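Colleague: Could we walk through this model together? I would like to hear the reasoning behind the labels.

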Amino acid sequence: MLSRTADHLFWMARYIERAENTARMLDVTVATSLLPMSRESAERGWRAMLGISELLPAFDARFATLTANDVLEFMVGDPSNRSSIISCLQAARENARAVRGALTTDVWETHNDTWLQLQQHLKAGLLQRDPHEFFEWVKFRSHLSRGVTIGTMLKDEAFYFIRLGTFLERADNTARILDIKFHGAELPEGAIPPPAETKEEPYLDFYYWAAVLRSVSAFEIYRKVYRDVITPSRVAELLMLRGDMPRSLLASLNEVCTNLEQVRNDQSDETSRRAGLLRAELQYGRIDDILDTSLHVFLTSFLKRVNDLGQRISHDFLVPLMAR
Amino acid sequence: MSAQPGQSQSQSTSFAPFNEMYGADGCARSHYREYESWLSRQSDDLMRLKRSEADLVFRRVGITFAVYGESAGTERLIPFDVIPRIIPAAEWRQLETGLRQRVKALNLFLHDIYHDGEIVKAGRIPAEAVFGNSQYRPQMKGVDVPGGIYAHVGGIDIVRADGGEFYVLEDNLRVPSGVSYMLENRRMMMRLFPDLFTSNRVAPVEHYPDLLLENLRSVAPVGVDDPTVVLLTPGMYNSAYFEHAFLAQQMGIELVEGQDLFAQDTGVYMRTTRGPKRVDVIYRRIDDDFLDPTVFRKDSTLGVPGLLDVYRAGRVTLANAIGTGVADDKSIYPFVPDMIDFYLGEKPVLANVPTYKCRNRDELQYALDHLAQLVVKEVHNAGGYGMLIGPCSTVEELDEFRRRLCAHPENYIAQPTLALSTCPTYAESGVAPRHVDLRPFVLSGQQTALVPGGLTRVALREGSLIVNSSQGGGTKDTWVLGR
């Protein structure tokens, strides 16, 4: 298929997945901020969420102080923020529009309709009235676009590049959601958290990790798998190392490798090797070892390697190949 | 339903146009009888509902077009009118015969002027009008294209005057658009009013993409058995992007942009995830000027550098060919009946609108004397821009055009203002007659093919004669009815 087409499909999928995960992240931050806690703790939560998305400087440049409403507005409906939900959904739709001929009508119309509905929701003030409901809607539209892709698209290259985009983005986003807790805690390199607020508000930790689980729809799964109290190390294990947990790092990398294999060409071997290596480390890694060296350090390195994979995929497939 | 027949008194143009639905006696014409009686049984509320449903669906499906001069990415719907324009089968047969004849002659003309120029030598068309035409591409001289076909896709604009007779208003042989609306309008009508299609025998049009693909494959370079066909688009911000994407999808071919292609001595290739892939036929929806920056406009980023050389060497087919613009230019239009006579030895089945070529002194004088009754068109313009409609113009506008005519008479033609036929249409105030035209699409390859009907465009503003979508025009489904 055309390199440009593959590029649009890849990014279409990444943007819708990113919108979904941003909604998940915002939802969990809103939920946690409702717990009884100091204003500082609440603000730390919001700043961590912005920090993890690498948006703190952009936010601070626009707003003198931090209020929950401003963050929500900035992360959802602000078109000048390239990572906001509106920007992601628009980018997903524009990428889809650029290659609508390579999509089934159902897939295209789903993206187009998401974009049209989003504008209605924002105009009608759904975000202000009921943020949770709004985030549920975003998640639902992402589920729908994934489902309609699986349900209607021919399993050819177009399909594999869409899947590749979905899971590379998900690997990145799940890692970030996990890392929020540690972001901005400003620990010395290599040190093991616990973050500051656990002393003053000890019960917060439980609620926090419960909220993280909920944000990736894993609360019930956790109960089912561990049948025990919620501990950070098990949450980390579930979201990183379990291949049967659909939003985990390992599950995402499994899909990345599978789809990469389907589209391989004669210059993509190194990319496949790196993806396979990363997957093997997750598959055969142990959570205790990871926590011993620091979760934050592991996740930071993981994000770097996912980013490297993204660049390599662009280079191998998506940037127009010259005649050879 | 308040569709009063022959309701044209309130129009600013003071003709008695031909009404497609109602005869002079106020009764529905026979081919409209079934529909009219159905329409009279529908409630206003239901029809309003159906119209808003159509809008909703068009928006969701993304059948939109971009408007030049508005900010990039502004998308608008082309208004769709739910009352179909119906053509009886016998009339269509006549039209079809005339269209085949006309397009055949135009293709022969194009081959001739890029080879021996017999028609010019015979004195039937002035050399200046052909070889001095800005649309004439000297690069095409002596180039043999597969099957001698230049205009693979032609959109011929047809209007009907007050006596009910058809005229060809314009030939579009460069990159005619609108066929996707013909197809989507039909799909919409079948969705909104399925029962209408059981009670009326409407000739199908849905196989157009198949005909087009067959046509494109039939003109592949010699020796290519299983040609790769692509559609070349300027990109998603082009006003007709929806149509490009739609047709590529319906034909199952790649939709490419200039940046996706590159030309080498051996041929044209597209850049794919698995390396370069050879392209044999390019259905291009980019004007000549933008096709190859090394030959035509240097600033074009839409085209493919080196394309012309590969094309001239016969290693890739372009549809339409380069240089077809000279045949649909308004300055050549008056000579099409001569072409039909010269190449085919036949009488034209479809008439031209009488045309005054202002390059001739006496015809210019006539135009100047009768400006207020005439339509004046700039010869190289399209899309309803740069024209004067005498009866609808102010004194200042008339003076302005008089000045332009005297300064550059060769740039203009003049025609009597035709009372374009009308068709009942939903307007703000209810159902009212609005002017329509018809653009059938003629496919030329190893065979000539067309689907029954075409795109009916309707001028939604009361009294307006301009049907172009960029200027407030809408569209209707077009039915060819009966045997």
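Modeller: Gladly! Let me begin with the cut-offs for exposure: a residue is buried if 20 or more other C-beta atoms lie within 10 Å of its own, exposed if 12 or fewer, and partly exposed in between. Please keep in mind that this is a predicted model.

Colleague: Thanks. What makes Ser217(A) partly exposed?

Modeller: Ser217(A) has 13 other C-beta atoms within 10 Å. Partly exposed is the class between 12 or fewer and 20 or more, so Ser217(A) is called partly exposed. The residue is found in the loop between helix H11 (204-215) and helix H12 (219-226) of chain A. Its phi is near 55°, a positive value in a residue other than glycine.

Colleague: And why does Arg227(A) count as exposed?

Modeller: The count for Arg227(A) is 7 C-beta neighbours inside 10 Å. The exposed class takes 12 or fewer, so Arg227(A) counts as exposed. Arg227(A) sits in the loop between H12 and helix H13 (232-241) of chain A, and although it is not a glycine, it has a positive phi of about 45°.

Colleague: Let us turn to whole chains. How do you know that the radius of gyration of chain A agrees with a compact globule?

Modeller: For 324 residues, a compact globule would have a radius of gyration near 20 Å, and chain A has 20 Å, so the two agree. The C-alpha trace of chain A spans about 60 × 50 × 40 Å along its principal axes. Its secondary structure comes to 17 helices and zero strands, and buried residues make up 45% of the chain. Among contacts in chain A between residues at least 6 apart in sequence, 71% join residues at least 24 apart.

Colleague: How does the radius of gyration of chain B compare with that of a compact globule?

Modeller: With 483 residues, the globule would come out near 23 Å; chain B has 23 Å, so here too the value agrees. Taken along the principal axes, the C-alpha atoms of chain B fill a box of roughly 65 × 55 × 45 Å. Chain B has 14 helices and 23 strands, and buried residues make up 46% of its 483 residues.

Colleague: On to the sheets. What makes E14 and E16 of chain B edge strands?

Modeller: The open sheet has four strands in the order E14-E17-E15-E16 (chain B), with antiparallel pairing. Strand E14 (356-357) and strand E16 (387-389) each have a single partner strand, so one side of each is left without a neighbour in the sheet.

Colleague: How do you know that E15(B) and E16(B) pair?

Modeller: Pairing asks for at least two bridges between two strands, and three bridges join strand E15 (residues 374-378) of chain B to E16(B), running antiparallel. They therefore count as paired. As an example, the bridge partner of Val375(B) in E16(B) is Ile389(B).

Colleague: Which strands does E5(B) pair with, and in which sense?

Modeller: Strand E4 (residues 153-160) of chain B and strand E5 (residues 166-172) of chain B pair in the antiparallel sense over six bridges; there, Asp157(B) has Glu170(B) as its bridge partner. E5(B) also pairs with strand E13 (residues 351-352) of chain B in the parallel sense, over two bridges. With at least two required, the two bridges are enough, so E5(B) and E13(B) count as paired. In that pairing Val168(B) stands opposite Asn352(B).

Colleague: What lies between E4(B) and E5(B)?

Modeller: The two strands form a hairpin with five residues between them, and Gly164(B) in the turn has a positive phi of about 90°.

Colleague: What makes the peptide bond from Ala319(B) to Asn320(B) stand out?

Modeller: That bond is cis, with omega near -5°. Asn320(B) is placed in the loop between strand E12 (317-319) and helix H11 (325-328) of chain B.

Colleague: Finally, how many residues does each chain bring to the contact?

Modeller: Chain A gives 22 residues and chain B gives 24 residues. On the side of chain A that touches chain B, helix H1 (3-33), helix H5 (85-98) and helix H6 (105-123) each supply at least two residues. H6(A) provides the largest share, five residues. By class, that side of chain A divides into 11 nonpolar, four polar and seven charged residues.

Key
Residues numbered from 1 in each chain as written. Chains lettered and ligands numbered in written order. Predicted model: local features only at pLDDT ≥ 70, side-chain atom pairs only at ≥ 80, totals over all residues. Rg over C-alpha atoms; globule rule 2.2 N^0.38 Å. Contact = placed C-beta atoms within 7 Å. Nonpolar A, V, L, I, M, F, W, Y, C, P; charged D, E, K, R; others polar.
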